[in-house]
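Student: Hi, could you walk me through this one? I'd like to ask a few quick things as we go.
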Amino acid sequence: MSILTFNNFNGYDQVALVRNEPSGLCAIIAIHSKQLGPAVGGCRMFPYGAEADALQDALRLSRGMTFKSALAGLPFGGGKSVIIGDPRREKTTELLHAMGDFVEQLRGSYIIAEDSGTSPDDMQVIAERTSFVTGIDESIVREDPSPATAYGVFLGIKAGVAQAFDGNDALLGKTVALQGLGHVGYHLARHLVEAGARVLGSDINPANQSRAEHELGVIPVSPDDILFQPCDVLAPCAMGGVLSESSIPKLKTRVIAGAANNQLAADSDDERIRQRGIVYCPDFAINAGGIVDIYHQEQGASPEDRARALASIGDRVAAIVNRAAQSAVGSQRVAEWMAAENLPAPLPENDKSEAELRGAA
Ligand code: NAD
């Protein structure tokens, strides 16, 4: 197994690349920060076209995990791993064992979890080679995190709506355009319908599309058009990078609030959205419900404490969008500042204070 490790790499604590010929493993572990604890983050398996794309995904996702855990007050750092390959064709026991060996080499700096392209069963296989795996303690019955994520997003949507509509967070009669009706999107659609919203929804998977239509009354929209529907709230719940230089000018929404990670294609899209007068609820703030709930489950929290922890997501999103409006700064930037305030030391890339940055603007 050949491992290449970079320490203090361009603002990242550690970045490690592995290649293992016998198993076919080609993977990257990115650790953005360990200030608050071990870097916890999922392992994504995807057939990236180029290794540079995989590296960029790992870097951006691990950075988001630092902010997500810090903002939510969890004792975790930010990390993420990616395996380059098609999970349906290339995922073997040998490959997962090699991934376990790779994680073990980092001696607990990174704790792996399932993500898109990997499953809880895969984590059990990885755990045959390393103990640095979340969710393998069989004494704890872990629930699917998606309903908790969806509920956090629902509360975040209400906070965004209150900001855009003079303090009124009612969803009755509001139109929500939902991209992605999978694990999170389906549960989110249910909350929205129950709150009286008109939900337009789109999924490239016909089974997920028809389940949402038939069970929840979601109004179908083609995947090409869903982002650009006239609506009050746009909820991206499929993949990252959907808010870009080309899509933002065509949006017809007052609020953007969804579960997808890395919704902004580039950091500058935060300002682009602000200049359009759209309230953006930052992804790592609004989609933390799953990790927050898992942490509290593992701590043995009562149902009341778990509910309180989830409810705090809405409060945090409200504080972010309000502070962004007051300071005329993009809300992603504000959320990063607020997360950095929970870190013991400044991040290398976040070492400018809010006042300095505002002064420079
Ligand atoms: P999922 O795979 O279950 O659902 C995503 C859905 O989006 C799928 O049904 C897929 O067919 C659909 N889709 C993909 N491309 C699309 C397109 N162009 N147009 C319309 N639909 C499209 O994933 P999920 O668990 O629901 O997660 C959704 C997003 O939220 C992901 O970005 C994920 O990283 C993020 N997220 C999920 C959780 C969680 O608890 N599951 C937590 C935090 C963040």
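Student: Is Asp269 buried or exposed?

Tutor: Asp269 is buried, at 1% relative accessibility. Keep in mind that we are looking at a predicted model.

Student: What salt bridge does Asp269 form?

Tutor: Asp269 forms a salt bridge with Arg272, and the closest N and O atoms are 2.4 Å apart. Both residues lie in helix 8 (residues 269-275), three residues apart, about one turn of the helix. Unlike buried Asp269, Arg272 counts as partly exposed, at 27% relative accessibility.

Student: How many salt bridges are there in the whole structure?

Tutor: A search of the whole structure gives 19. One of them joins the side chains of Asp101 and Arg129, at 2.8 Å from N to O.

Student: Where do Asp101 and Arg129 sit in the chain?

Tutor: They link distant parts of the chain, 28 residues apart. Asp101 is in helix 3 (residues 93-105), while Arg129 is in the loop between helix 4 (120-126) and helix 5 (146-164). Asp101 is partly exposed at 26% relative accessible area, and Arg129 is partly exposed too, at 39%.

Student: And what about Glu194 and Arg190, how are they placed in helix 6?

Tutor: They are four residues apart in helix 6 (residues 183-194), so about one helical turn separates them. Their side chains meet in a salt bridge at 3.9 Å, N to O. Glu194 counts as exposed at 57%, whereas Arg190 is partly exposed at 27%.

Student: Which residues are linked in a network of salt bridges?

Tutor: That network links Arg44, Asp57, Lys80 and Asp115. Arg44 also stands opposite Val82 in strand 5.

Student: Switching to the sheet, what is the strand order?

Tutor: It is an open sheet of six strands in the order 1-2-3-5-4-6, with mixed pairing. Strand 1 (2-9) and strand 6 (110-114) stand at the edges with a single partner strand each, so one side of each has no neighbour in the sheet. On average, neighbouring strands are turned by 20° against each other, direction ignored.

Student: In what sense do strands 4 and 5 pair?

Tutor: Strand 4 (residues 39-46) and strand 5 (residues 77-84) pair in the parallel sense, over six bridges.

Student: Which strands does helix 3 lie across?

Tutor: Helix 3 lies across strand 1, strand 2, strand 3, strand 4, strand 5 and strand 6, and runs at about 30° to strand 3. Helix 1 (residues 51-71) also lies across strands, including strand 5, to which it runs at about 155°.

Notes
Residues numbered from 1 in each chain as written. Predicted model: local features only at pLDDT ≥ 70, side-chain atom pairs only at ≥ 80, totals over all residues. Heavy atoms only, no water. Salt bridge = Lys/Arg side-chain N within 4 Å of Asp/Glu carboxyl O. Helix = DSSP H or I, 4+ residues; strand = E, 2+ residues; numbered from the N terminus. Buried < 20%, exposed > 50% of the residue type's maximum accessible area, 1.4 Å probe, protein only. Pairing = 2+ DSSP bridges. Axes fitted to C-alpha atoms, helices over the stretch in contact; angles between N-to-C directions. Contact = heavy atoms within 4.5 Å.
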